[in-house]
Amino acid sequence: MDSFSFLIHTKKQTRVQLVGFLAASLLLLILPRGLKFDISAVIFKFTYGPFYALSNHLHELEGVREENRRLHRKVMELSIKNSQLTEEHLENSRLRELLGFKSQLEQLVIPADVVASEPNRRAFTVMINKGQKDQVRRNLPVVNMYGLVGKILDVSSHTAVVQLLIEPSFRASAQVQRSRVMGIIKPGAGMTLRLDNVPLAEDVKEGDRVITSGLGGVFPPGIEIGTVVSAQNEEAFSQDYQTFGIFKMIQVRPSVDFSTLEELFVLKVEPQARME
Amino acid sequence: MFWGSATFSKILSAAIILLMLVLFQSLLSDLVTIGGIRLDLGIVILVYVALTRGPTYGMIFGFAIGLLLDVFTPSTLGWGALVKCLIGFTVGSFKDNLYLESLYSKGAVMFLALIVNDLLYYLFVTGVTTTTWRTLLWATLPSAVYTAAVGMLIFLVMNRIHWEKWSVEKSSG
């Protein structure tokens with residue numbers, strides 16, 4: 001009890017102030033979600049806003065030439081790939097028609113810029129400059145040119161918060177592109193991911209690409225998530241992964257570099273595809 | 001006159017310190033991140049203020065710093081303010097009860113403050129899961145070591161500045 005004697009010896013005025021601050025914090029906590037967003041947006045605008053604007057401007061100027069060169073090269077690569085894909089798409093459409101499927105997804109892309117990233121070591125969310133007014137809503141998938149970034153966690157009228165793949169509570173249904181083995185993608189240690197719930201007998205190898213499976217209804221199928229860096233069966237690791245020797249321990253390196261997110265795309269996914 | 005008063009001077013000092021934090025988080029935070037390990041300047045400032053000024057300043061700064069960082073996760077707005085307010089008050093209260101002259105003691109306080117801060121955050125946001133402990137181990141622990149080390153350096157510099165200021169005042173007075 002002696003350890004807490006400081007509470008008794010603290011001045012009454014200080015104790016009252018402490019109660020006041022704690023009450024203010026609790027009041028903020030129980031506010032409606034929308035109001036919390038508005039308050040955060042106002043504080044952000046008058047504190048971080050000018051500095052982030054300056055920082056973004058400097059970054060833009062700095063990287064513009066290199067980005068231009070890189071994009072030119074990318075455009076070349078993509079135009080070649082695009083012509084191949086167009087061919088495959090036509091073929092796919094013909095086959096789907098034969099099988100009686102309708103188009104699986106109608107995707108509209110909403111381009112957005114990252115205006116702020118969580119500055120703590122818990123860099124699990126980023127804020128983008130598109131919100132409800134741009135038809136962004138909760139749970140929409142977010143990607144960049146390298147693959148899946150995350151999903152929309154919260155939306156206000158002009159901004160939205162993106163929950164990154166590495167956020168501890170993030171889950172997505174995924175599959176190995178080569179062997180079509182299904183699993184659940186979860187955050188792993190540090191900046192890595194884990195592909196869980198893959199039985200020991202399944203075929204997963206180092207270097208395999210992991211993509212979204214489309215199950216669960218949040219993420220459309222085929223979006224790149226990352227590459228398998230290790231797939232082990234050893235029971236020694238089972239305890240740690242709480243798999244009890246039933247599942248593989250698969251570590252995945254994400255395709256996206258979460259420390260350098262700038263331009264993102266929100267996929268306005270309208271699941272229309274149903275088997276007829 | 002309010003503008004020349006001690007109260008105004010205190011408010012101005014607090015505003016400058018908080019502005020420094022905002023400036024750091026906006027422009028410099030990424031530059032001092034080493035291999036994904038981030039420096040938590042908010043904790044360093046909070047512990048410094050609490051240890052030098054006591055519990056009242058500790059809780060005020062804790063609330064303000066927490067609120068400034070909460071704006072990045074609006075859904076938990078208020079939680080960071082509450083946790084940092086309590087940390088500031090507790091550290092400030094122990095100011096006179098503990099022997100904290102040693103630089104290492106101050107480093108240890110910063111280390112513990114950061115661990116408690118993150119632990120309470122995760123317990124509130126995600127609850128107790130395997131991932132929570134994993135994140136604490138891989139993200140919080142290295143960051144706590146890094147922050148404590150940099151914080152000790154900042155304490156050293158600040159102590160030297162104070163000592164030199166005191167010496168000048170003493171020799172001129």
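**Briefing: chain contact and salt bridges**

B:Asp30 is partly exposed, because its relative accessibility is 48%, a value that lies between the 20% and 50% limits. This residue belongs to a predicted model, in which seven salt bridges are found over all chains. Chain B and chain A share a contact that takes 50 residues from chain B and 52 residues from chain A. The points below treat this contact, then the salt bridges, and then one residue of a strand.

**Contact between chain B and chain A**

- About 4600 Å² is buried between chain B and chain A, and carbon and sulfur atoms give 70% of this area.
- Three residues, B:Phe72, B:Leu77 and B:Arg134, supply 15% of the area that chain B buries against chain A, which is more than any other three residues.
- Between the two chains there are zero salt bridges, whereas five residue pairs are in polar contact, both residues having pLDDT 80 or more.
- On the side of chain B that touches chain A, the elements giving two or more residues are α1 (6-28), α3 (55-70), α4 (79-94), α5 (103-125) and α6 (130-172) of chain B.
- With nine residues, α4(B) gives the most to that side of chain B.
- The residues on the side of chain B that touches chain A comprise 28 nonpolar, 18 polar and four charged.

**Salt bridges in chain B**

- B:Asp30 and B:Arg38 meet through their side chains in a salt bridge of 3.2 Å, N to O.
- B:Arg38 counts as buried, because its relative accessibility of 9% is under 20%.

**Salt bridges in chain A**

- The side chain of A:Asp196 forms a salt bridge with that of A:Lys186 (3.3 Å, N to O).
- This pair links distant parts of the chain, 10 residues apart: A:Asp196 lies in strand β8 (residues 193-196) of chain A and A:Lys186 in strand β7 (residues 182-187) of chain A.
- Both A:Asp196 and A:Lys186 are buried.
- A:Asp196 also meets A:Arg194 in a side-chain salt bridge (2.7 Å, N to O).
- A:Asp196 is buried at 6% relative accessibility, and A:Arg194 is buried with a relative accessible area of 6%.

**A:Ser230**

- Strand β10 (residues 224-232) of chain A holds A:Ser230.
- A:Ser230 is buried, because its relative accessible area of 18% is under 20%.
- Leaving aside residues up to four places away in sequence, A:Ser230 touches A:Glu206, A:Met249, A:Ile250 and A:Gln251.

Methods. Residues are numbered from 1 along each chain as its sequence is written. Chains are lettered from A and ligands numbered from 1 in the order in which they are written. Side-chain values use heavy atoms; hydrogens and water are left out. Contact means heavy atoms within 4.5 Å. Buried area is the accessible area (1.4 Å probe) that two parts lose on being put together, summed over both. A salt bridge is a side-chain nitrogen of Lys or Arg within 4 Å of a carboxyl oxygen of Asp or Glu. A polar contact is a pair of N or O atoms within 3.5 Å; within protein, one must be able to donate a hydrogen and the other to accept it, and residues adjacent in sequence count only if both atoms are side-chain atoms. Helices (H or I, at least four residues) and strands (E, at least two) are DSSP runs, numbered from the N terminus. Ala, Val, Leu, Ile, Met, Phe, Trp, Tyr, Cys and Pro count as nonpolar, Asp, Glu, Lys and Arg as charged, and the others, Gly among them, as polar. Buried means under 20% relative accessible area, exposed over 50%, partly exposed in between (1.4 Å probe, protein chains only).
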